[in-house]
Amino acid sequence: MAEKFDVIVVGAGPAGTACAYTLAKAGVSVLLMERGEYPGSKNVMGGVLYRKTMEDIIPGFYKEAPVERPIVEQRFMMLDKESALNFSYKGMEWAQEPYNNFTVLRAKFDQWFADKAVQEGALLLNETVALSCIVEDGKVVGIKTDRPDGDVYADVVVLADGVNSLLAKSLGFHKEFRPDEVALAVMEVLKLDRKIIEDRFNLEGDHGCTIEIFGDSTKGILGTAWLYTNKDSLNIGVGTMLSGLIKHKLKPYELLDYVKNHPMIRPYIQGCEQQEYLAHLIPEGGYRSMPKVVGNGVIVVGDAAQLVNAIHREGSNMAMASGVMAAETIMQAREANDFSEKMLMPYRDSLLNSFVGQDLKKYKDATHHFEKFPQYFEQYIPLMNKAASQMFTVDGSSKWNKQKKIWSDLGSAKDKWKMARDLMNAWRVMK
Ligand code: FAD
């Protein structure tokens, strides 16, 4: 007879593992199914891990988890072709326990996190692909796998299979995503001596920093590049909306090469050795692209439910929070021994009322607005650079004259009105 569990979780990323860990800790029998050779082997992230959500799951986790560096500074670069306007926030409160965020390498972190779920009693099955949901009388009752003895059954199946959830799609929960709903990201892990990293990025000891790079890093397409410090490596990457790449006929690896050779970036990565090259999709459609997340006997979490806040590059925390909320709802449903859509619906309510739903709602129009009006990245960042160059170049011209020149560089009265309107609209979609 095929094996039956209380819950099957498909995908051992942050969402699936958080769900499996929470359930197993509460004594629920869980099968955590992962297609990769080990959890994290197929996973890609920039890689900032947000402490708070993880700490809610495993208090003090950072003392034993394979985190790279606590981030004490967030830098931002507004890039033009040969210049950059930079600003940053550095806070010593982030340098002390319990810290704020950490850089992580997913191949190590996901494996550690899944091991914790196993220690709590979850059964982890690697190198197992969930092929489809088994549906009986309109209820998901199990998963068909690629193993010879491939069917497993459960009261509830949690779909944590990532951005392109084929399983949720096969249930009719979402359609094929449009190119303006997903970003394509490519990144490299670059090996560099830790002492050089600390000197180059002005870091004390284990401290880390992140640099988000806008503007010319994506040749004006909506997106961002990033450069993050690990212990003895750097993560450099670039992600842009798929629709932008198609429209501008750009290849993501060409963009990454462009970023790596940019005069403002090149000095940071000189002498590095490429360790890994990774590519992945990011769901960036936000609130308006959220699929159906609950059905009879099934719950969708993490990227599979499109839970990414692209404006703040938060995804792993939303994934974990959704995994925990799914687990909590399942535990309530177990008390009633009812796993119908109606009984599982509180998951959706919790999600929408939590920071996950609230933040997605806050920025529900932002991505589409910035994609529709490319002037923010294409024109305004170069203008900001030009103004800074004008103001900070000491050339005998008076500061009044410089101000006049900056004002005239903004264009005609009509251009200025348009810019004012754009700023208002940007405020409207971000507020
Ligand atoms: P995933 O991490 O994608 O995990 C899904 C898992 O399911 C994988 O292990 C996969 O192998 C497995 N799987 C898929 N299909 C099957 C199947 N059929 N059978 C069995 N297993 C299956 N978020 C942040 O918080 N900070 C960042 O800095 C950040 N940077 C990012 C940079 C990049 C380049 C990308 C791509 C994403 C970034 N994100 C970031 C987003 C973050 O990585 C995701 O939001 C998060 O990983 C989602 O977790 P998840 O568990 O839902 O999905």
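## Close-up views of a predicted model

**View 1. A salt bridge within helix 2 (residues 51-57).** Asp-56 is exposed, with a relative accessible area of 52%, and it is called exposed because the limit for that word is over 50%. The model shown here and in every other view is predicted. The side chain of Asp-56 meets that of Lys-52 in a salt bridge, with a distance of 2.8 Å from N to O. Both residues belong to helix 2, where Lys-52 and Asp-56 are four residues apart, about one turn of the helix.

**View 2. A salt bridge between buried partners, Asp-110 and Arg-106.** In this pair, the closest N and O atoms of Asp-110 and Arg-106 are 2.8 Å apart. Asp-110 and Arg-106 are separated by about one helical turn, because they stand four residues apart in helix 3 (residues 106-119). How accessible is Asp-110, in relative terms? Its relative accessibility is 2%, and Asp-110 therefore counts as buried. Arg-106 has a relative accessibility of 11% and likewise counts as buried, since the word buried applies under 20%. Elsewhere, Arg-69, Arg-194, Glu-198 and Asp-206 are joined into one network by salt bridges that share partners.

**View 3. A salt bridge between distant parts of the chain, Asp-6 and Arg-334.** Among the 26 salt bridges that the structure holds is the one that Asp-6 forms with Arg-334, in which the closest N and O atoms are 3.1 Å apart. How far apart in the chain are these two partners? Asp-6 lies in strand 1 (residues 4-10) and Arg-334 lies in helix 9, so that 328 residues separate them and the pair links distant parts of the chain. Arg-334 is partly exposed, with a relative accessible area of 33%, a value that falls between the limits for buried (under 20%) and exposed (over 50%).

**View 4. The largest nonpolar core and the surroundings of Phe-109.** The largest nonpolar core has 75 residues, and those with the most contacts inside it are Phe-61, Phe-109, Ile-143 and Tyr-347. Which helix gives the most to this core? Helix 9 does, with 10 residues. Leaving aside residues up to four places away in sequence, Phe-109 touches Leu-49, Met-54, Phe-61, Ala-65, Pro-66, Val-104 and Met-320. Another core, of 25 residues, lies apart from the largest one, and its members include Leu-190, Cys-209, Ala-225 and Val-238.

**View 5. The second largest pocket and its lining.** This pocket has a volume of about 310 Å³. Its lining is made of 23 residues, of which Leu-105, Arg-106, Ala-107, Val-189 and Glu-276 lie nearest the centre of the pocket. The elements that give two or more residues to this lining are helix 3, strand 11 (182-191), strand 14 (233-241) and strand 15 (273-283). Arg-106, named here in the lining, is also the partner of Asp-110 in a salt bridge.

**View 6. The largest cavity.** Rolling a probe the size of a water molecule over the atoms shows where empty space is left. How many cavities of 30 Å³ or more does the structure hold? It holds one, and about 90 Å³ of space lies in the largest cavity. Of the 14 residues that line this cavity, Gly-286, Val-308, Ala-310, Tyr-363 and Thr-367 are the closest to its centre. Helix 12 (355-362) and helix 13 (366-372) each supply at least two residues of the lining.

**View 7. Backbone details in three loops, at Pro-98, Lys-249 and Gln-306.** A cis peptide bond, with omega about 10 degrees, joins Glu-97 and Pro-98, and Pro-98 is found in the loop between strand 5 (84-90) and strand 6 (101-104). Lys-249, which is not a glycine, has a positive phi near 50 degrees and is found in the loop between helix 6 (242-247) and helix 7 (252-260). Gln-306 is also not a glycine, yet its phi is positive, at about 65 degrees; its place is in the loop between strand 17 (298-300) and helix 9 (316-336). Are these two residues, Lys-249 and Gln-306, buried or exposed? Lys-249 is exposed, with a relative accessible area of 72%, whereas Gln-306, at 0% relative accessibility, counts as buried.

Definitions and conventions
Residues are numbered from 1 along each chain as its sequence is written. This is a predicted model: local features need pLDDT of at least 70, side-chain atom pairs count only at pLDDT 80 or more; totals for chains, interfaces and linings use all residues. Side-chain values use heavy atoms; hydrogens and water are left out. Buried means under 20% relative accessible area, exposed over 50%, partly exposed in between (1.4 Å probe, protein chains only). A nonpolar core is a set of buried Ala, Val, Leu, Ile, Met, Phe, Trp, Tyr and Cys residues joined through side-chain atoms within 4.5 Å. Contact means heavy atoms within 4.5 Å. A salt bridge is a side-chain nitrogen of Lys or Arg within 4 Å of a carboxyl oxygen of Asp or Glu. On a 1 Å grid over the protein atoms alone, a cavity is a set of points where a 1.4 Å probe fits but cannot get out, and a pocket is an open set with protein on both sides within 12 Å along at least five of seven lines; lining residues have an atom within 4 Å of a point. Grid points are joined across faces, edges and corners, and a volume is the space filled by probe spheres set on the points.
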